[in-house]
Every structure is written in C-alpha cells, then in structure tokens.
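These are my notebook entries on one structure, written while I looked up its rings, its ligand and a few residues with something to explain. The structure comes first, and the entries follow.

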Amino acid sequence: MNKLYYSTGACSLAGHIVLEEIGAPYELEAVNLNAGEQKRPEFLAMSPKGSTPVLLTEHGPLTENVAILAYLAATHPEAGLAPTDDAWASAQLTSFNGFLGSSVHPNIGKLLFYPLGEAEKAAQRDVTLAKLRLVEDHLLVGPWALGEAYSTADPYLMVFERWARQGGLLDPAGFPRMNAHLDAVQARPAVQRVFDQEGIAKV
Ligand SMILES: N[C@@H](CCC(=O)N[C@@H](CS)C(=O)NCC(=O)O)C(=O)O
C-alpha cells in the first residue's frame, strides 16, 4: 500500500488529493515542516532531499510532485487522471505539471515562505505574478487545467492557486479563470475529504 508523507497545506496536497480521487487504500504520515521533522535522521534515511512529499511505494520512496503524480496516475489508469494512449495529450500534461514544479512552485514558495527584504520581496512578487499571468492567459484551458478532462494538473495547480489567494496575489478581476478553477477544485468531494484529513479549510 502506498504511504504519503505530507505536510499540512503544502505542495504534498496535490498527491494527497490524487490518492483520494483514486480511492484505493493508502496510508498517511504528517511531517511537521515548522518543527523540522523533514530533516530528522530517520526521515533523511528514507529521503535525503529532506522535503515533502515522499510517496513510499512497493518499489521504495518516490520524491518530486511531478513524478508522484505521474506514478499514481499510471498505476491507476481506471481513475482517468492522465491520458493513457495519446502521446501528445500525455506530453501536454507533463508540460503543464513541469511548469508548475519548475517555475510556479519555486517562485511563489520563495515569495510566501522565505524571509525576504522589502526590495527582494517586491521583485519576487513581480516574478511570481508573471508566472501566474502565464497560467491565467495561456496555460489554463478550462474548465479544468487541460480542458474537459480533470487530471493530475488540477490538484497540483490548485495548491498554488490556494497559496496565491491566501497571499493576496489572485485578485478576481485580474485572475478570473484561476479563481474559478480554484473554486471548482475545492468543491470536489475528494478535495473536501483531504482538507478535513489535513485540518485545513477552503480559502
Ligand atoms: N521539487 C520538490 C519540492 C518539494 C518542496 O519544496 N517541498 C516543501 C513543501 S511545499 C518542503 O518540504 N519544504 C521544506 C524543506 O525543504 O525543508 C517537489 O516538487 O516535490
């Protein structure tokens, strides 16, 4: 059985939602980032990167959201969370999730969670807003991230939309499509169950 090491409200929320959408049994273990639990020797012995998420699989520990999401979708094709027989559609999903992991996540994460000086914070805010603008104007197809089919890209995008709304970055006039997407993902029963499990609320 897969076991997800997650941190409340963190990027691991994406894999947690995908596990819940799939509906197969899984285990959860919370890792308190504020208490530094991700740097404890027993955690580092499993995952030397010292961050969450980690998905402990039958093959061993798997890190990186993009890999965890792809692995879960590929091992549960019946859930329909990724294309299975269309190379172009599959590449579009990889491209979308790759952009979230390599561009959106590091920038919004730095803005919201790193101690920055005023000038650096202003610059980081501009960079982050530019990444969000790309998603709003070009990448998000609607109603779901890649169009008509809900996929792993949706909970992954929702994590950063959620952070953006909490951080005052997602004003409804400037980002109507991302706001609508965030609301739609948060309304899903599987997402509500995950929020309850993590002890967090809709934003
Ligand atoms: N590239 C990694 C980034 C993982 C990451 O930065 N996780 C954060 C939580 S959102 C974390 O564990 N931060 C604590 C730390 O690195 O000490 C992924 O996508 O899985």
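**Charges over rings.** I looked up where charged ends sit over rings, a label that requires NZ of Lys or CZ of Arg to be within 6 Å of the ring centre and within 35 degrees of the ring normal. The charged end of Arg133 is over the ring of Phe175, 4.3 Å from the ring centre, and Arg162 lies over the face of Phe195, at 5.2 Å from the centre of that ring.

**What I am working with.** I note that this is a predicted model, in which local features need pLDDT of at least 70 and side-chain atom pairs count only at pLDDT 80 or more, while totals for chains, interfaces and linings use all residues. Residues are numbered from 1 along each chain as its sequence is written, and side-chain values use heavy atoms, with hydrogens and water left out.

**Aromatic pairs.** How many aromatic pairs are there by the rule I used? Rings of Phe, Tyr and Trp (its six-membered ring) pair if their centres lie within 6.5 Å, and planes under 30 degrees apart count as stacked, over 60 as edge-to-face and the rest as tilted. The count by this rule is five aromatic pairs. Tyr5 and Phe43 have ring centres 5.9 Å apart and planes at 80°, so I enter them as edge-to-face. Because Tyr5 lies in strand S1 (residues 3-6) and Phe43 in helix H2 (residues 41-46), this pair ties together parts that are 38 residues apart in sequence; helices (H or I, at least four residues) and strands (E, at least two) are DSSP runs, numbered from the N terminus. Tyr5 and Phe43 are both buried, where buried means under 20% relative accessible area, exposed over 50% and partly exposed in between (1.4 Å probe, protein chains only). For Trp144 and Tyr150 the ring centres are 4.9 Å apart and the planes at 80°, so that pair is edge-to-face. Trp144 counts as buried because its relative accessibility is 15%, and Tyr150 counts as buried at 9%. I also found Phe113, Tyr156, Phe160 and Trp163 linked by ring pairs into a cluster.

**Lys3.** I placed Lys3 in strand S1, and at 17% relative accessibility Lys3 counts as buried. Which side chain does the side chain of Lys3 join in a polar contact? The partner is Glu29, at 2.9 Å; a polar contact is a pair of N or O atoms within 3.5 Å, and within protein one must be able to donate a hydrogen and the other to accept it, with residues adjacent in sequence counting only if both atoms are side-chain atoms.

**The ligand.** Of the 13 residues around the ligand (each with a heavy atom within 4 Å of it), Cys11, Gln38, Thr52, Glu64 and Asn65 come nearest. A polar side-chain atom of Gln38 is 2.9 Å from a ligand oxygen atom, and one of Lys39 is 3.1 Å from an oxygen atom of the ligand. A polar backbone atom of Thr52 lies 2.7 Å from a ligand nitrogen atom.

**Backbone entries.** Most residues other than glycine have a negative phi, and most peptide bonds are trans. I therefore noted Glu64, whose phi is near 80°, a positive value in a residue other than glycine. Glu64 is in the loop between strand S4 (60-63) and helix H3 (65-75), and Glu64 is partly exposed because its relative accessible area is 42%. Thr52 and Pro53 are joined by a cis peptide bond with omega about 5°, and Gly142 and Pro143 by a cis peptide bond with omega about -5°.
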